[in-house]
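Q: Got a minute to walk through this one with me? I'd like the cores, the strands and a pocket.

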Amino acid sequence: MQFNERLIDLPTLYHVINRTPITINPDNYVVEAIVLMNQERCHKYAQSSYISWDFRLQERSLTDCVLVMEAGKLLGIFTQQDVVRLIASAIDLSRTTMAEVMRQPVVTLRESDAQDIFMVLSLFRHRQIHHLPVLDDDGQLVGIIGEADLLQAFDLVKMAGVVEGLQQCFQKPTDEFTQANEQVEIDQMRYQTQNYLKLWVEAQSREIIQVNQQLQQALEEFRTTQEELRQQNEELLTAREIIELERRRYQDLFEFAPDGYLVTNTAGVIQEVNHTAATLLAMSQEYLLNKPLVLFVAQEDRQTFTTRLKNCQQVQEWEINLKPQKKKPFLARIKVTAIYDSQNQQIGWRWLLCNITERQQAKEALRQAHNQLERRVAERTAELVLSNALLQKEIRQRQRMEEALRQSENLYRQLVESQTDIIIRIDLQGRVTFANAAACQTFGWRADEFRTQSIVDFLHPDDLPQAKENITSLISSSCILTTGERRAFTVNGIRWFQWKSIGIRNEEGEIVEIQGVGRDITEQQAAMRDRQIAEEALRQSEEKFRYFAENTEAVIWIASANSLKPLYISPAYEKIWGRSCEILFEQPEFWIDTVYPDDRQCASQFIEQLLKNQSASAEYRIFQLDGSLRWIWNRGFSVCDGEGKINYYSGIAEDITERKLAEESLRESEARLNLALETAHMGIWDRNLKANTVIWSANMGLLYGLPSGSPCPSFEEYLNLIHPEDRESVIASITRVFEEGRGTIEYRVVWSDGSIHWLNSTSQVYHNEIGEPIRTIGTNRDITERKLNEQKIS
């Protein structure tokens, strides 16, 4: 009964299984597993203020291994021996994952098969392992059994009690033969058990001591490595923050740059684009991504663009016409450079786009302004010769004084005096304490005279409030302050300066002086104003052109240089042609179909002349939608750049239908008038007194015996046609007509065949607003028949 009571306390596997083992994901790093093992150990130590043998065994079983799990499945195991092995091999534990170093395959035990604690002990010895994971029938982890847990379960005191109970039980009087055999078996079992337990305990003790020593050494190395890693991580975090700030800054510079920037792959497909480039191409940045850049190149330049891109090796720069969607093309300057990876393989292109249309136009305006300025400079040069001689003399004197002063100054003053910018120091009351040579020359003061002068005397009154505010700000802070553009009174008048100022501190850290460095930016300001004026003039010119083009009755057109594709058509086209401008933009060749068939050759010759870079003019008829005909007078010319290259063609087309009808009517009227004059034997003449020219009708020559259509002769030739006896009376009649304003005379003319004919001439004089005679108009009529009849009657 005593033996049975002692045997009933033997441990079962249920009590030996550790059901809360340490687990980790296979993607985690080894250093994280070591931290988990160390944290668990520290937690166990913190729960007790003393350390016993049993506690060390239990603590070791909880902290000397980690199970690698994923999705509830056991993948591998990682022990303290593995930690020692990895540290000895000098592997970077912070970059090695558990999946790379965990032990596989894992020896496991089914919970349903775990009935005998000695079977588990046999597995430990046979498989040479120290940890045995326990799984349920579904393969899910239940817990883990360690050798330390078994050693704790085999309580040696209890095992000794078991042996003693066996001895007492088998010492009871029984059959002598049975008692003797049983005593031998008991002694043999007791000896084997004691020997086995002794060897096991000694082996476990040595192994635990060795593992603890190795673990302590590894732990110290790990702590050192962990501290180094922590410092490296802090440095990496700092570097990462700096890199991120730089990346954001450069991203902002890229995004908000004044010029367009693009990044494409080697085939020219857009990968990155900034805001300016998207604005130039009239598309959103998201839409431009993954689009070929060639889509936005004008049709006539695409072949050149493709060829250059294929042959481009290093940085190249050229000009090309870009065509945004639904917008006018513009001339752009493109700069492209190749992008290479770490293996020196090209992976893409960087592009810089700049719209230079306005710049080209502004250059011409600036060139004209420059020419005018040169003329003005030439006029002023003579005036400045004398002043320049005096100034040169003063400069030489000042240079001698400055040379003597530089010899007595220290190294700092030598550096300051060598600057071309002006350098001035003032005290807190605004009085000048130091001024370099450039400042003295600018303001027209000697160095000794400059001192104690108030700085406000040199500043423009409008800039004084801001200057005083800047001085106050400098006194209260140690930062450098750039005040931008300020005006100052110099020997050359009011000049613009850009100032950079800083406070000068004494040994106590108090600001005692303020030093300012000023750079003369007057020329830059003038250039900027000239550019602004030129840009404003250009804008006004464009507005005037657009207003004129949209309100004139004539059609103003602009066409591309190569194909005469319309780039601009004024609204008058829709009124004259009776068709919309959109049709002409969509179908450029449609305009020739509107020309009257008989006039199409003339219109085609007009185009050929333009393409030969010749000014052209043509009159032809067109069809309107209702079938009516209109006469068009079209004049065209080419517009070239400074190098003579044709940029585009332009011209004006007018509706001259009314003029054509008037000319036709005039021709018919003249024909009727000539017929009437010929029938009445009359002619009409017109004399311009200012120009001293005379014209007459086509039939006037017949009255003087000349062929029909003969030009009007000179006054001397005209007198030779008159009968010699009547020439003086004709001259007197002309004088009398000027005096009286009108008059009539009859005289004879001699034809080339010698026959004599009588003419009746009636004339009228016309005067201008101040009473001067300017024109004489008259008629001549053949009265020969009347005169002959009169002679017969008399």
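What follows is a quick chat about the packing, the strand pairing and one pocket.

Q: What kind of model is this?
A: It is a predicted model.

Q: Start with the packing. How many residues are in the largest nonpolar core, and which have the most contacts inside it?
A: The largest nonpolar core has 25 residues. Leu-262, Phe-305, Leu-322 and Trp-351 have the most contacts inside it.

Q: Which elements each supply at least two residues of this core?
A: Two helices and four strands are on that list: α11 (275-280) and α13 (302-311), plus β8 (270-273), β9 (316-322), β10 (330-340) and β11 (346-355).

Q: Which one gives the most?
A: β10 does, with 5 residues of this core.

Q: Back to Phe-305. What is it in contact with, leaving aside neighbours within four places in sequence?
A: Phe-305 is in contact with Leu-293, Val-294 and Val-297. It also contacts Trp-318, Ile-320 and Trp-351.

Q: And what about another core, apart from that one?
A: Another core, of 24 residues, lies apart from the largest one. Val-555, Phe-606, Ile-622 and Ala-653 are among its residues.

Q: Leu-262 came up earlier. What stands opposite it in β8?
A: Val-273 stands opposite Leu-262. Strand β7 (residues 260-264) and β8 run antiparallel, joined by 3 bridges.

Q: How many residues sit between the strands in that hairpin?
A: The hairpin of β7 and β8 has 5 residues between the strands. Gly-268 takes a positive phi near 90° there.

Q: Switch to β12. How many of its residues are buried?
A: Strand β12 (residues 422-427) has 6 of its 6 residues buried.

Q: Which residues point which way from β12?
A: Ile-422, Ile-424 and Ile-426 point one way. Ile-423, Arg-425 and Asp-427 point the other way. Arg-425 and Asp-427 are buried, like the rest of that set.

Q: What does β12 pair with?
A: β12 pairs with strand β16 (residues 511-520) in the antiparallel sense, over 6 bridges. β12 also pairs antiparallel with strand β13 (residues 432-435), over 3 bridges.

Q: Where does Ile-426 fit in?
A: Ile-426 stands opposite Ile-514 in β16. In β13, Ile-426 stands opposite Val-432.

Q: And the hairpin of β12 and β13: which residue takes a positive phi?
A: Gly-430 does, near 90°. That hairpin has 4 residues between the strands.

Q: What is the strand order in the open sheet of 3 strands?
A: The order is β1-β2-β3, with mixed pairing. The edge strands are β1 (23-24) and β3 (73-79), each pairing on one side only.

Q: How do β2 and β3 pair?
A: Strand β2 (residues 65-70) and β3 are antiparallel over 6 bridges. Met-69 has Leu-74 in β3 as its bridge partner.

Q: Pocket time. How much space lies in the second largest one?
A: About 510 Å³.

Q: Which lining residues are closest to its centre?
A: Trp-685, Arg-687, Phe-715, Tyr-718 and Ile-734 are the closest, of 25 residues that line the second largest pocket.

Q: Is that lining polar or nonpolar?
A: The lining of the second largest pocket divides into 14 nonpolar, 10 polar and 1 charged.

Q: Where does the largest share of the lining come from?
A: α27 gives the largest share, 5 residues. Elements that each supply at least two residues of the lining include α26 (715-721), α27 (727-740), β22 (682-688) and β24 (742-750).

Definitions and conventions. Residues are numbered from 1 along each chain as its sequence is written. This is a predicted model: local features need pLDDT of at least 70, side-chain atom pairs count only at pLDDT 80 or more; totals for chains, interfaces and linings use all residues. Side-chain values use heavy atoms; hydrogens and water are left out. A nonpolar core is a set of buried Ala, Val, Leu, Ile, Met, Phe, Trp, Tyr and Cys residues joined through side-chain atoms within 4.5 Å. Buried means under 20% relative accessible area, exposed over 50%, partly exposed in between (1.4 Å probe, protein chains only). Contact means heavy atoms within 4.5 Å. Two strands pair if DSSP finds at least two bridges between them. On a 1 Å grid over the protein atoms alone, a cavity is a set of points where a 1.4 Å probe fits but cannot get out, and a pocket is an open set with protein on both sides within 12 Å along at least five of seven lines; lining residues have an atom within 4 Å of a point. Grid points are joined across faces, edges and corners, and a volume is the space filled by probe spheres set on the points. Ala, Val, Leu, Ile, Met, Phe, Trp, Tyr, Cys and Pro count as nonpolar, Asp, Glu, Lys and Arg as charged, and the others, Gly among them, as polar.
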